[in-house]
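Me: I'd like a close look at one part of this model, told as one connected story. Please give me the cut-offs as you go.

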Amino acid sequence: MRPLRNPVIQAALAWALAHWMRFCFATIRWTHRNEAVAEKVWADGGGVLCAFWHSRIGLSPACWPLDRAQPAKALISLSPDGQFIAKAVARQGFPAIRGSSSNKDKTDRAKGGSQALRDGLRQLKTGGLAITPDGPRGPMREMAEGMPLLAKLSGAPVLFIGMSCNPAIRLNSWDRAVLPLPFGRGAIVWDIDCYPEGAELTDVARNWTARLTAVEAAADALTGLERV
């Protein structure tokens, strides 16, 4: 059995990771760019899609201030690794909706896609829904149509969130995931859009892929983190 598939080991590692992330976030010197668009969303309340690439899951709690933003949940895959991630982010105030926004590799039934869509739309009536639109298995920085579909059906705005820190740990995973280290530089960059009326899902996914990559690259430029 792989260690992360053992529930006891999962719980212990999730606890340790959550506490490590809190410590790092508290000691990192953060730079924020275009934060006004996020502040308006938080002040208005209601539904909002929060998009960032899968490699930045380890930084994502830093972008959502629980004291002034609407409550948010995270859409996380049904995989065993997803279960570990769900436990770690839940310890930081972000409960999980289990499923996937991708439609590439497994059947909709196997991934819980239909249920995740229903649960996501329900969440978007009142709060935030965090999505990694290239997850759970890539390709890296390629957006599936699930997130544009949620935006179209819900009418909720989409916050594109680029996050970076330096120094950082780079995992040898398909997405080269970034984990924070303490006492470094951090950056969060925002952009915003709504689903264009009458647009095709494929065109929106292509445009939003470029915009999400742009805010991530801008955050990396602010911290000096090497792009991969």
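What follows is about strand β7 and its surroundings: which strands flank β7 in the sheet, and which residues does W190 touch?

Reply: Before we start, this is a predicted model, where local features need pLDDT of at least 70 and side-chain atom pairs count only at pLDDT 80 or more, while totals for chains, interfaces and linings use all residues. Residues are numbered from 1 along each chain as its sequence is written, and side-chain values use heavy atoms, with hydrogens and water left out.

First, where β7 sits. The protein chain has seven helices and seven strands; these are DSSP runs numbered from the N terminus (helices are H or I with at least four residues, strands are E with at least two). The order along the sequence is α-β-α-β-β-α-β-α-α-β-α-β-β-α. In space, the seven strands make an open, mixed sheet ordered β1-β7-β6-β2-β5-β3-β4, so β7 (178-193) has β1 on one side and β6 on the other. Pairing here takes at least two DSSP bridges between two strands. β1 (29-33) and β4 (96-98) are the edge strands, each pairing on one side only. On average, neighbouring strands are turned by 25 degrees against each other, direction ignored; the axes behind such angles are lines fitted to C-alpha atoms (for helices, over the stretch in contact), and angles run from 0 to 180 degrees between N-to-C directions.

The two flanks of β7 are built differently in direction: β6 and β7 run antiparallel and share twelve bridges, whereas β1 and β7 run parallel, with five bridges. Strands of a sheet pair through backbone hydrogen bonds, either parallel or antiparallel. A nice place to see both flanks is A187 in β7: A187 is the bridge partner of T31 and also of S164. Further along, D193 of β7 bridges to V158. On the β6 side, there's an oddity to look for: P167 is in β6, and the peptide bond from N166 to P167 is cis, with omega near 5 degrees.

Now zoom in on W190, which is in β7. W190 has a relative accessible area of 2%, so it counts as buried (buried is under 20%, exposed is over 50%, partly exposed is in between, with a 1.4 Å probe and protein chains only). Not counting residues up to four places away in sequence, W190 touches H32, R33, N34, E35, V37, A38, W42, C63, L159, F160, I161 and V215; contact means heavy atoms within 4.5 Å. V215 is 25 residues from W190 in sequence, yet their C-alpha atoms are 6.5 Å apart.

Among those contacts, N34 deserves a glance. N34 is in the loop between β1 and α2, and its phi is positive, near 60 degrees, in a residue other than glycine. With a relative accessible area of 37%, N34 is partly exposed. Just past this loop, α2 (35-44) lies across β1, β2, β6 and β7, at about 75 degrees to β7.

W190 also belongs to the largest nonpolar core, which has 35 residues; W42, W64, L159, I161, M163 and W190 touch the most other members. A core is a set of buried Ala, Val, Leu, Ile, Met, Phe, Trp, Tyr and Cys residues joined through side-chain atoms within 4.5 Å. α1 (7-27), α2, β2 (48-51), β3 (72-76), α3 (80-90), β6 (158-170) and β7 each supply at least two residues, and α1 gives the most, with five. Leaving aside neighbours within four places in sequence, I161 contacts C50, A51, F52, C63, I188, V189, W190, L212 and V215. There's also a separate core of 26 residues, including I97, A116, V189 and V215.

Last, the cysteines. The disulfide count is zero, where a disulfide needs two cysteine sulfurs within 2.5 Å. C165 is buried at 0% relative accessible area, but its closest cysteine sulfur, in C24, is 7.7 Å away, too far for a bond. C194, by contrast, is partly exposed at 42%.
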